[in-house]
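Colleague: I'm new to this structure and would like a close look at the cavities inside it. Could you take me through what lines them, and then through the unusual spots in the backbone and the cysteines?

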Amino acid sequence: MVNHDCIIDSNICRKARLARDARFDGQFFTGVLTTGIYCRSICPAVSPKEENVRYFDSPLKAANAGLRPCLRCRPDSAPGSYAWKGTATTLERAIQLIDSGVLIGADAVSIERLSERLGVSSRYLRKLFNEGVGTSIKQYALYRQLMFAKQLLHQTELTITQVGLAAGFNSIRRFNEAFKQVLKLTPSTFRKQAISPETQSISSDKSVSDASELNFVASIKLSVELSYRPPLAWQAQHDFYQDRAVSNMEWLQSESNYGRSFSLNGVSGYFDANHNQARNSFTVDIVLDNEQGLIELSAIIGNIKRLLDLNANMQAIEQDLALLVPLKPLMISGLRLPGTWSTFEAGCRAVLGQQVSIIQASKLLNQFVLAYGERRAIGDKEVVLFPTPEAVASASLDELKMPGARKLALNALGEFVKQHPDKALDDWLSIKGIGPWTIAYAQMRGASHPDILLCGDLVVKKRVLSLYQQHQQDAGEIDAIDYPALTKDITKTISPWGSYLTFQLWNLS
């Protein structure tokens, strides 16, 4: 059966929704024509008859068909999918930027400015949206704002005004009008209908905390649930973070927990992510230093999802990685990309980790952050923020036992990013002491680029050669291995998932 609203075959969609298959969560949405709602593949409601459903590959297409989101499965909470198809198209880059909030808030850019950033004309960008998404750029941005607001109304106890602010609306009146126009209810009525024991269990106790006796600045506390598509090798990801954690900037309080401090566009805070395997999700508690920080909440949550790699479609990724016959039986299912908060942080970690062990690199990193990071009291917690480019540019780095050339490279990286915060990572090559490996590492962990195979990494080289030498012996061949030619073939075979292969190789025993 052909379905022009969804790129996935309707028979696959039917089987996935009847099985409530979480691996398809966010890849398609089921429109129920008899009730006028659309749902995720995991919706717990009684499955409708096939003749009464229509499948969509995005929630926006379902909304444009006149359907409203289900209150039980909350399609707004489904993991994303567009960013993990492995293509670097202009449309997907535009969607990523819009989802991060570039068109809303005090620092909003125009569509023309967004087009310039993408290297296309505004007319062409509008055409891409109309053809690829089925709606205008402004309508897409508005829909994303409303879906984010809906998620906050479901999952937090933020006031209606705070939700509107966090979703990027400049006035409560405009928020109410837009919400009612699209979802057919006012935000307050929607919240009353959405309240259930399930949503209450993942909401924060208070949306605004009281100032403590230690005179901490009044902060905002909230809790959201972020879903992912299984499988997820959380233990491996948890261990990776633990081996590289920075005291008071990162913490792992249990086997299911990862938390850290952050700073984004002048907003500081911290989060605690707690894995809930039974629900294929993380409950993420977020604390911001003040109410104005809500303006950046959408971007903060987006960065947390990127850092934990929650949008990855592991089923598709592992199908391609399995094409490497020597690796297939040793693969760790669900192994994701453990990100850092920013590309600058990843670049600093890469410089500090050059030609030393993980233990030594972690020691240097802790000394570096504790010496030059800002100590902040946020809510009821005292944290350290990763050093700013300004702090690194002027740092003496005397505490660090490492070559002087590497210290100068750190200073130069801080100075470059301070002066050119929006420059592409490839421009870092102009910095003395910064080479392709450092940039590739920053792309992989700081920007979560899916296709970075670190062929020059000594561990990667050693394990690739070992795998293929063993495979040759098993096949009765004893030929000398041309490593550059081999890695070229491997890259072509598994593209666009080179970063995932890098982590698979790093995790081989």
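Modeller: Here is a walk through the cavities, followed by a few backbone and cysteine details. One thing to know early is that this is a predicted model, where local features need pLDDT of at least 70 and side-chain atom pairs count only at pLDDT 80 or more, while totals for chains, interfaces and linings use all residues. Residues are numbered from 1 along each chain as its sequence is written, and side-chain values use heavy atoms, with hydrogens and water left out.

Let's start with the cavities. On a 1 Å grid over the protein atoms alone, a cavity is a set of points where a 1.4 Å probe fits but cannot get out, and its lining residues have an atom within 4 Å of a point. Grid points are joined across faces, edges and corners, and a volume is the space filled by probe spheres set on the points. Searching the whole structure that way turns up two cavities of 30 Å³ or more.

The largest cavity holds about 40 Å³ of space. Its lining is made of Leu324, Leu327, Val464, Leu467, Tyr468, Ile490, Leu501 and Leu505. Two elements give two or more residues to that lining, α19 (458-474) and α21 (498-506); helices here are DSSP runs of H or I with at least four residues, strands are E runs of at least two, and both are numbered from the N terminus. The largest share, three residues, comes from α19. By class, the lining has eight nonpolar residues, no polar ones and no charged ones. In this scheme Ala, Val, Leu, Ile, Met, Phe, Trp, Tyr, Cys and Pro count as nonpolar, Asp, Glu, Lys and Arg as charged, and the others, Gly among them, as polar.

The second largest cavity has a volume of about 30 Å³. Around it sit Leu453, Cys455, Val460, Val464, Tyr483, Thr487, Ile490, Leu501 and Leu505. At least two lining residues come from each of α19, α20 (483-494) and α21, and α20 gives the largest share, three residues. This lining divides into eight nonpolar, one polar and no charged residues.

Now the backbone. Most residues other than glycine have a negative phi, and most peptide bonds are trans. Between α20 and α21, the loop contains Pro496, and the peptide bond from Ser495 to Pro496 is cis, with omega near 15 degrees. Another cis bond joins Pro230 and Pro231, with omega about 5 degrees; Pro231 lies in the loop between β5 (220-227) and α11 (234-243).

Ser448, in the loop between α18 (436-446) and α19, is not a glycine but has a positive phi of about 55 degrees. Ser448 is buried at 6% relative accessible area, where buried means under 20%, exposed over 50% and partly exposed in between, using a 1.4 Å probe and protein chains only. Arg20 also has a positive phi, near 50 degrees, and is found in the loop between α1 (10-18) and β1 (29-32). Arg20 is partly exposed, with a relative accessible area of 33%.

Last, the cysteines. The whole structure has zero disulfides, a disulfide being a pair of cysteine sulfur atoms within 2.5 Å. For Cys43, the nearest cysteine sulfur is that of Cys73, 3.8 Å away, and Cys43 is in no disulfide. Cys43 is buried at 9% relative accessibility, and Cys348 is buried too, at 0%.

Note on methods:
On a 1 Å grid over the protein atoms alone, a cavity is a set of points where a 1.4 Å probe fits but cannot get out, and a pocket is an open set with protein on both sides within 12 Å along at least five of seven lines; lining residues have an atom within 4 Å of a point.
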